[in-house]
Number of protein chains: 2
Amino acid sequence: MRWNEIQDIPCSIARTLSVIGDRWTLLVIREAFLGVRRFEQFQKRLEITRHRLSDRLNKLVESGVLRKALYQESPARYEYRLTRKGMDLYPVILAMAGWGDKYMAGDAGPPVEYVHLGCGKKITATLVCSECGEPIDAKSVKPMLGPGLSGLAKKAGE
Amino acid sequence: MRWNEIQDIPCSIARTLSVIGDRWTLLVIREAFLGVRRFEQFQKRLEITRHRLSDRLNKLVESGVLRKALYQESPARYEYRLTRKGMDLYPVILAMAGWGDKYMAGDAGPPVEYVHLGCGKKITATLVCSECGEPIDAKSVKPMLGPGLSGLAKKAGE
DNA sequence: CTTGTTAGTTCTATTTTGGAACTTTCAAAA
DNA sequence: TTTTGAAAGTTCCAAAATAGAACTAACAAG
């Protein structure tokens, strides 16, 4: 199977990967969360080739994670901003940062710490059940067939 | 910058990506969370080339996300199981699934639903502050220089 | 009219993938 | 005792993606 067919798999993880699952894309998004908006800035901070960066930004615009905004006429210059859809990737970023902090940071400690503006404390992101608020992990959650798949199953059975 | 240098960036997201940030790896892990353990099963379910699968599994073992466990002698056969480190990737998976459900599922609805064993309800994973329990998003969290980076800054300044 | 800034393209060489066939080690069946 | 058949890989080659560096375009400022 080729990578560009991956979005066709009826799986939300695969579909998400079809948007953010290639090299550099998530780092571009990380920079966007840190406030970076312009081509040159992305390029310098990430040390990504201009070619690649151009391609990744365009794809992110296509998929609705970023949008281009004119910030200067003559010559026309655009910057890249996170859309709502892009902002909603924050949990993914934070979950990855949390894992990296725990397992990859080494003795030096985490390179970035997160402060919650609500309570003013350093935090780690914690995943909880949307219904009862209890913390959850792999063992406390059971994946079940959802409508997006049972529909297919029905069709196949007809 | 080459991909194999990415782990050297002092960023937990980059370091996490150095482990799970390439094609297929996260889908392999998804299958592992669904209970898949054996080479043939991964291969059939993912339609990944055997070559790639072999490589990905080995790298995941190297990085401590999976471990090999002998399940049959003569001929010796091993299966791949998630370690604690691997299990702890669940928030990443769930965050991605949540985003995919929201933005990529289309009319058919999410392909998989998650039931919390604690309360028995269908849930979406929600990110909350580890200190005060309030839900968090990009705007309510401020990233600050952590020890892993301020150490470097000190060194550079000496 | 030269230099600088920003945002790209183009080119080539190298790496990484994808697809398909082949190998190894044994157990069980014919 | 040859044949079939799992299971878990390897090997080979062609195709695609990536890295690095140089080049281009559209202006503004000096």
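Which residues come nearest to DNA strand C? Of the 23 residues around the strand, the answer is A:Met1, A:Arg50, A:Tyr71, A:Arg77 and A:Tyr80. The views below show a predicted model.

**View 1. The protein surface near DNA strand C.**
This surface has 11 charged residues, 8 nonpolar ones and 4 polar ones. Now look at the DNA side. Among the atoms of DNA strand C within 4 Å of the protein, 68% belong to sugar or phosphate. The rest belong to bases.

**View 2. Side chains of chain B at DNA strand C.**
Start with B:Trp24. An N or O atom in its side chain is 2.8 Å from a phosphate oxygen of DNA strand C. Next comes B:Ser74. Its side chain has an N or O atom 3.2 Å from a phosphate oxygen of the strand. For B:Arg77, the partner is a base oxygen of DNA strand C, and the distance to an N or O atom of the side chain is 3.5 Å. Several elements give two or more residues to the surface near this strand. In chain A they are helix 3 (39-46), helix 4 (50-62), strand 1 (66-72) and strand 2 (77-82). In chain B, the element is helix 4 (50-62).

**View 3. The surroundings of B:Tyr80.**
B:Tyr80 sits in strand 2 (residues 77-82) of chain B. Is B:Tyr80 buried or exposed? Its relative accessibility is 9%, so B:Tyr80 counts as buried; the cut-off for buried is under 20%. Leaving aside neighbours within four places in sequence, B:Tyr80 is in contact with residues including B:Phe42, B:Leu57, B:Val61 and B:Leu66. Other contacts include B:Val36, B:Arg37, B:Arg67 and B:Lys68. Compare sequence with space for B:Arg38. B:Tyr80 and B:Arg38 are 42 residues apart in sequence, yet 6.3 Å apart in space, C-alpha to C-alpha.

**View 4. Helix 6 of chain B.**
Helix 6 covers residues 90-103, which is 14 residues. At 1.5 Å a residue, the helix should span 20 Å. Its end C-alpha atoms are 20 Å apart, so the two values agree. Buried residues in this helix include B:Tyr90, B:Ile93, B:Met96, B:Trp99 and B:Gly100.

**View 5. How chains A and B are related.**
A rotation of 180 degrees superposes chain A on chain B, with 0.0 Å of shift along the axis and an RMSD of 0.0 Å. That is the relation of a two-fold axis. Which residue of chain A comes closest to the rotation axis? It is A:Leu127, with its C-alpha at 2.4 Å. Of the interface residues of chain A, 100% are also interface residues in chain B, so the copies meet through the same surface.

Key. Residues are numbered from 1 along each chain as its sequence is written. Chains are lettered from A and ligands numbered from 1 in the order in which they are written. This is a predicted model: local features need pLDDT of at least 70, side-chain atom pairs count only at pLDDT 80 or more; totals for chains, interfaces and linings use all residues. Side-chain values use heavy atoms; hydrogens and water are left out. A residue is near a molecule or strand if one of its heavy atoms lies within 4 Å of it. A polar contact is a pair of N or O atoms within 3.5 Å; within protein, one must be able to donate a hydrogen and the other to accept it, and residues adjacent in sequence count only if both atoms are side-chain atoms. Helices (H or I, at least four residues) and strands (E, at least two) are DSSP runs, numbered from the N terminus. Ala, Val, Leu, Ile, Met, Phe, Trp, Tyr, Cys and Pro count as nonpolar, Asp, Glu, Lys and Arg as charged, and the others, Gly among them, as polar. Buried means under 20% relative accessible area, exposed over 50%, partly exposed in between (1.4 Å probe, protein chains only). Contact means heavy atoms within 4.5 Å. Copies are superposed by least squares on the C-alpha atoms of residues with pLDDT of at least 70 in both. The expected span of a helix is 1.5 Å times one less than its number of residues.
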